[in-house]
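Hi everyone, thanks for making time for this. I'd like to walk you through one structure, a piece at a time, so let's put it on the screen.

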Amino acid sequence: MEQNEKDQTTDKSKKIRIVEKSVISVLLALVIAAVAFVAGWFGRWGALGEKKRDLLWAIDTAEENYYHEIGDELYDNLFGAFNFDPYSKFYTEEEYDVIAAEREGKNRDAGFSVYEEGGYLEVYAVIADSSAERAGIAGGMRFWKFGKTEDSLKAGTAEDYFIFTAKLAEDEEYFVRCGESEKESEATNFKVKNGENGAGIALTRKFDPMRVYQVVGNSPADLAGLKRGMYILKFGATDDANAMQTGSLDDLSELVSTLKPDANGNVTIHLQCGFDKTGVDAKIYSVAMKEYQATYCYYRDNTTAYRFRSADKKVEPVLVADEKLAELDNDTAYIALTEFTGNAAAEFKECLSIMKKNGRKNLILDLRGNGGGYMDVFVEIAACFLKDAGSGAQKVAYAKFKSGATVSYSAKKSLYGDYFGENARISVLADEHTASASECLIGALVDYKAVAFSDIYLHQDESGVARTYGKGIMQTHYENSNGSTLKLTSAEIFWPKSNKSIHGVGVTPQNDGAIAISSPLLPDADDVFLQTAIEKIRNKADVPSVSV
């Protein structure tokens, strides 16, 4: 018994010592881990660099000591600093959910964007018997430039002009450029003399009516009948033209923000629009802001036209005969591609199938206003134009990253023969807003000899410049575990065979031999650019654009 008790006591002591050792081991491990964590934290802190440490210190200090609570505004401003270029941006989870939905073509808006001129100065009034009146300047003229000599004329605001005249001596002569026309080239330089009220000119700032820049396919704006290039003459909460207002984009946005939704949660804006600035052809368009499946292609030839429309949740090409392009010959089709996103690749192939079914062998591809999109969509569409390609996968572009790594984007195979014959002529229309994936597609067309540079028609602006946008860089989305996303410019893009980068340069007549067409940027009812391009294309010999 005693022996048994002693043995039991001995066993108990051993267990206690074992437990003590275990506790000590755990505590020691925790201490080591804590030390490692602290050391790692300080190591990380030290590795941050002075600027990053200062920023974190400033945030902590502000949150602790600012006399009001600091809300999300601080972080919104900080995240806004990630706009290293026009393409990089930080998105919250909610913001990125909208981007992801639009990536699939699922939008909730009116479906149109607006182009707004920067405005201009107008001579509001001229003081009687002033230097300006004696020189021949009249109220209603556009006021373009001013300067001490005709060689030093410069544009500026009304404030700039009055500061300029305030620095002149009394009776000192100078020049102003004014005219009745909307074109500066038709204006006149007037010599005037500085007096108590300058030259006697009163100025006011005017704005041209806003214009519809782009209409998303299958959107409420598209279904309502809005067209690219239309002037937005008035807008309002009702379809009563007398109750509508004129104004700027800010005024339009402010009105939209005050509209009350209907029973379905949709709001409707009413627009008075037309291609004539005077309103001769203007109509009232009622556009509801609601959910829709966006589409990105439409087809035209000289007898038929198709747009993609939703029917029972399925998007299909629908005949819209009134949009046929009568100026085309019997061999040519026209396809407009507005963006590389959503179902654009499938729609584009459907348009090519319609072209083939209708017996058209030549194509005019309109990329005007197409700002790009996603590389996977671009690859699918590029596959249709790989004329000079072998069998198997074909590289259609490649990217170079900061690390020096190179990533190729390749089509599984060439689909050129599915839609085009050897003698097909493909022509491309582009402007200064044709960018990114659109310029990649032009690169694939050129490098695989589906087009020559002389088959590319560029819009030329009033200053004589003709070029595509020149965006040869790519963005990557980096997703955080909490759903936020950082979009960063991550690589430069190159054409597949020529290794050409168009970044900052674009495609131009001077460098590449593309054809410049002088016309308004946005189309009027006749679309001068398109009509001129068609005429030039028809005047070319009926031979392949690139020799085979």
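Let's begin with a sheet. Six strands make up an open sheet, and reading across it the order is β2-β12-β11-β10-β9-β3, with antiparallel pairing. At the edges sit β2 (106–109) and β3 (112–115), each of which pairs on one side only. Direction ignored, neighbouring strands here are turned by 50° against each other on average. Before going further, please keep in mind that this is a predicted model.

Now zoom in on one pair inside that sheet. Strand β11, residues 267–274, and strand β12, residues 283–293, run antiparallel and are joined by seven bridges. If you want a landmark, Gln 272 stands opposite Ile 284 in β12.

There is another open sheet to look at. This one has five strands in the order β7-β6-β5-β4-β8, and the pairing is again antiparallel. Its edges are β7 (188–193) and β8 (201–206); each has a single partner strand, so one side of each is left without a neighbour in the sheet. The twist from one strand to the next averages 45°. Strand β6, residues 173–179, runs antiparallel to β7 and is joined to it by six bridges. Within that pair, Cys 178 stands opposite Thr 188 in β7.

Let's stay here for one residue, Arg 142, which is found in strand β5 (residues 142–147). Is Arg 142 buried or exposed? Its relative accessible area is 10%, and because the cut-off for buried is under 20%, Arg 142 counts as buried. What does its side chain make a polar contact with? The partner is the side chain of Asp 208, at 3.4 Å. Leaving aside residues up to four places away in sequence, Arg 142 also touches others, including Tyr 120, Leu 121, Arg 177 and Cys 178. That Cys 178 is the residue we just saw opposite Thr 188.

Last stop, a helix. Helix α14 has 12 residues, 528–539; at 1.5 Å a residue it should span 16 Å, and its end C-alpha atoms are 17 Å apart, which agrees. Its buried residues are Phe 529, Leu 530, Ala 533, Ile 534 and Ile 537. Looking down the axis of α14, these fall within an arc of 130°, so they line one face of the helix. On the face turned away from that buried side are the exposed residues Glu 535 and Asn 539. And what covers the buried residues of α14? Among the elements doing so are β13 (297–300), β16 (332–337) and β24 (515–518).

Conventions:
Residues are numbered from 1 along each chain as its sequence is written. This is a predicted model: local features need pLDDT of at least 70, side-chain atom pairs count only at pLDDT 80 or more; totals for chains, interfaces and linings use all residues. Side-chain values use heavy atoms; hydrogens and water are left out. Two strands pair if DSSP finds at least two bridges between them. Helices (H or I, at least four residues) and strands (E, at least two) are DSSP runs, numbered from the N terminus. Axes are lines fitted to C-alpha atoms, for helices over the stretch in contact, and angles run from 0 to 180 degrees between N-to-C directions. The expected span of a helix is 1.5 Å times one less than its number of residues. Buried means under 20% relative accessible area, exposed over 50%, partly exposed in between (1.4 Å probe, protein chains only). The arc is that of the directions from the helix axis to the C-beta atoms. Contact means heavy atoms within 4.5 Å. A polar contact is a pair of N or O atoms within 3.5 Å; within protein, one must be able to donate a hydrogen and the other to accept it, and residues adjacent in sequence count only if both atoms are side-chain atoms.
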